[in-house]
Amino acid sequence: MATRDIYESGFDEDVRTESSANQCPECDGRVTTNAVETVCEDCGLVVDEQRIDHGPEWRAYDDEERERTGAPLTAARHDRGLSTEIGRGTDAKGNEISGQKRRRLARMRREQTRGRWRSKAERNLAHGLGEVRRLASALELSDSVRDQACQLFRSAQNEDLLRGRSIEAIAAASVYGACRCNGRSRLVDDVSEMARVAESRVTNAYKTLNEELGLPAEPVSPSMFVPRLASDLECPDEIRQRARALAEQAEGRGVTTGVHPAGFAAACLYKAGREEGRWLTQSEAADVANASKATVRAHRDTLEERVA
């Protein structure tokens with residue numbers, strides 16, 4: 001028997017015909033199912049669709065070696081992480097390469113560096129995102145906050161906010177803005193110290209970002225700074241919990257409006273330490289909050305007058 005007699009019509013091993021009980025709900029036609037969808041052959045109605053790809057996500061050149069398809073796209077790099085990196089000294093298997101190949105790779109790296117950026121704006125973006133990544137690592141921020149800061153820097157460059165301002169100041173302001181939007185207890189002093197930029201420049205850059213981009217920054221409350229300052233002062237849990245309660249009571253009564261949040265949190269810790277018999281000095285509380293002793297005393301007096 002000839003093969004054409006067996007397979008008169010097209011044959012697909014991936015397609016199977018449903019039984020007569022499972023007919024098309026629209027025209028009662030024949031329904032076939034493949035690895036992707038269930039479709040009616042008569043009217044074309046898609047009865048069911050499989051949206052999940054169950055295939056492997058790696059590429060295999062042989063049975064022993066399987067290589068991943070690459071890292072996902074990221075906003076932390078100017079090219080979304082799609083750039084090519086040329087290695088140094090060893091090949092893909094870790095073996096040493098000859099001097100001639102090393103010199104050739106050095107020339108290739110030099111040419112790649114020259115053609116890596118198509119414009120000066122792209123070069124500034126690469127420098128700014130590198131600064132954002134460095135600050136996020138120094139401040140021990142999460143990857144999500146780092147990516148938000150990088151996206152904020154991109155938005156600032158697209159809105160032409162870098163003109164007349166340093167890239168380091170905008171990068172530091174982007175990190176501080178991402179912390180503010182996520183409710184992280186970070187001061188401008190902390191970011192500017194790591195960025196090696198004057199605090200006034202970071203503050204001005206953040207004001208520009210906030211005004212031009214409309215950042216959804218949350219108001220910073222003193223209770224957010226209590227755990228951090230308590231950790232720096234090595235206070236026991238009783239003092240930390242009492243200071244948190246004092247800060248929340250003050251916030252509920254509207255006492256903390258317009259005050260320095262870290263200074264008020266330091267005053268709460270100072271008062272809680274005095275109540276628990278731990279003689280925490282005003283200088284220690286003021287130093288960790290980057291405030292003055294007069295600020296701590298003033299907020300301490302406010303707590304004694306307005307908060308039980």
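**Exercise 1. State in which sense strand S2 and S3 pair, and over how many bridges; then say which side chains of S3 are buried.**

Strand S2 (residues 31-33) and S3 pair in the antiparallel sense over three bridges, where two strands pair if DSSP finds at least two bridges between them and strands are DSSP runs (E) of at least two residues, numbered from the N terminus, as are helices (H or I, at least four). The model is a predicted one, in which local features need pLDDT of at least 70, side-chain atom pairs count only at pLDDT 80 or more, and totals for chains, interfaces and linings use all residues. Residues are numbered from 1 along each chain as its sequence is written, and side-chain values use heavy atoms, with hydrogens and water left out.

Within this pairing, Thr 33 stands opposite Thr 38 in S3. Along S3 (residues 37-40), Thr 38 and Cys 40 point to one face and are buried, that is, under 20% relative accessible area with a 1.4 Å probe and protein chains only, whereas Glu 37 and Val 39 point to the other face and are not buried.

**Exercise 2. Compare the span of H8 with the expected one, and find where its buried residues lie.**

Begin with the length: at 1.5 Å a residue (times one less than the number of residues), the 12 residues of H8 should span 16 Å, and the end C-alpha atoms are 16 Å apart, which agrees. The buried residues of H8 are Pro 222, Ser 223, Phe 225, Val 226, Leu 229, Ala 230 and Leu 233. Seen down the axis of H8, these fall within an arc of 140°, so they line one face of the helix, the arc being that of the directions from the helix axis to the C-beta atoms. They pack against H9, H10 and helix H11 (282-289), and just after H8, Glu 234 takes a positive phi of about 55°.

**Exercise 3. Carry out the corresponding analysis for helix H9 (residues 237-252).**

H9 has 16 residues and reaches 22 Å from its first C-alpha to its last, close to the 22 Å expected. In H9, Ile 239, Ala 243, Leu 246, Ala 247 and Ala 250 are buried. Seen down the axis of H9, the buried residues fall within an arc of 95°, so they line one face of the helix. An α-helix has 3.6 residues a turn, so residues three or four places apart point the same way. The buried residues of H9 pack against helix H8 (222-233), helix H10 (261-275) and helix H12 (293-306), and H9 is followed by Gly 254, whose phi is positive, near 75°.

Definitions and conventions:
Buried means under 20% relative accessible area, exposed over 50%, partly exposed in between (1.4 Å probe, protein chains only). Contact means heavy atoms within 4.5 Å.
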